[in-house]
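Reader: I should like to learn how to read strand pairing and helix packing in a model. Please show me the structure and take me through it.

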Amino acid sequence: MNPHVLTTLLEKLLDMKEKMSLDINKAHTNVSLLNMKHYLNLRKYDFSQLQDNLTKVGLSSFGRSQAHMEASINVAIEMLSLALQKKVHLAPSPLSYEKSHAIMDKNSRIFSSSSDKTKIMITVPSNFNDDKDWFSNLSREGVHLFRINTAHDNPKAWSEMAQAIRNVNSGEKDLKIYVDLAGPKIRTSLTKSKKSGKPKKIKLYFGDKVLIHSEHSTQKKKSKHYSIGCTLENIGNLVKIGDRVFVDDGKIEMVIEEIVGEDIVCGVLTNKESGSTIKDEKGINFPDSNINIQAICDHDKKVLPHICEYADIIGISFAQTPEDIHDLIDQLDFLGKKGLITIVAKIETKKGVENLPLILEELIKYGNSGIMIARGDLAIEIGFENLAYMQEEILDLCTAAHMPVILATQVLENKMKTNMPSRAEISDVAFAHKAECVMLNKGDYALETIKILTTIFRQMDLIFRKNKLLYNPSFQWK
């Protein structure tokens, strides 16, 4: 090997090591936080060519080194210095390869003590009592966690779900109860029919005008347009003309054309020949608008004392800032549960992605925590075309922080609902295997879905280490 080539590589690695440590407080005692900051520093630069050149001489390209950045770079420097018979003095890294993986294994036990690499969580349906063996059958086939969603049902139903899970739990299975707080999801609120008492549905076509108003607005009575209520107050002061609006998981797209006091008038952009129906209590997203809403809403605070009686894990819906993590920690502290219940921050907004490093820092300090990539709202917020890239970015950053991840939304959804998976769903599951846990929603074919999911995971366990990350500059966390 040409000594000049090796010398150049050594110089570039020493430069990489220096850049990795820029502006980092060396007094950091938490190795996970330190490693995450090292990783974020490296993602400010383009090291992809260096990675290729390291591969050519048989050295690690750091494509799987997110969890132990400094240790991996040190090893490469030591190997090159030995080959060149040069002395390079390096302080030992506080985080070795072995220690980083031990930390990640320990942190991942929040989902289950099972040796399975990727744990499986499933949402409990309202009619779970229709099958008395529902929990035991799914547990036997490979489910590790059961999710209770407080956006639906009521405290009595949640307690019954939790008790049913506890009834089939044992020391061997270590089943966990995950409870999602409803959070401040913005939803439609439609006028009820005087005759039936049910909310009226509204069918919209391309070009139609829609007034979106707060539930207490007076504009709806004067409007000549279709009128849709919204659970968000004071909308007009939070948005601007030209901002996009999506309803019902992105099925209906509109654009804000006029602001009328606290309300807005939108033009329908979705061009569907048969029209698009807006229903009651469907989600509304404002991806272009900077809407600051606290993740822990009044409803969440009201139900927390109840769910803390049985929850192993609590999910914060629409976590957007470190303050959202603080809010839940303060509530748990007041209830005497701080540190005893795992916190999972659900990343499902553009702002949540932007603030992810800060959110992770708070979760690392709390310990006993995780992240959920909630791909439903997230895809609408950041654009569907950006989701594949972003879920990879989030997974890599969480690996650097030794933070276990749940991948959620539409995992094998067709299989759950029709017993026939799409080809794309199978490929998606292969990707989901990178996370420490995957979440399934409700469906009539849960048992059949778990069987195919565990089969795919067993196969992927044999090859998952081959993937290599290229250290190009991160678009998100520069």
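Author: Let us begin with one pair of residues: I371 stands opposite V405 in strand 16. This is a predicted model, in which local features need pLDDT of at least 70 and side-chain atom pairs count only at pLDDT 80 or more, while totals for chains, interfaces and linings use all residues. Residues are numbered from 1 along each chain as its sequence is written, and side-chain values use heavy atoms, without hydrogens and water.

Reader: How many bridges join strand 15 to strand 16?

Author: Two strands pair if DSSP finds at least two bridges between them. Here four bridges join strand 15 (residues 369–374) to strand 16 (residues 405–408), and the two run parallel. Strands (E, at least two residues) and helices (H or I, at least four) are DSSP runs, numbered from the N terminus.

Reader: In what order do the strands close into a barrel?

Author: The eight strands follow the order 1-2-3-13-14-15-16-17, with parallel pairing.

Reader: How does one describe two packed helices?

Author: One gives the angle between their axes and the distance between the axes. Axes are lines fitted to C-alpha atoms, for helices over the stretch in contact, and angles run from 0 to 180 degrees between N-to-C directions. Helix 16 (residues 423–432) packs against helix 17 (residues 446–460) at about 55°, with the axes 10 Å apart.

Reader: Which residues make the contact?

Author: Contact means heavy atoms within 4.5 Å. Helix 16 contributes I426, V429 and A430, and helix 17 contributes I452, L453, I456, F457 and M460.
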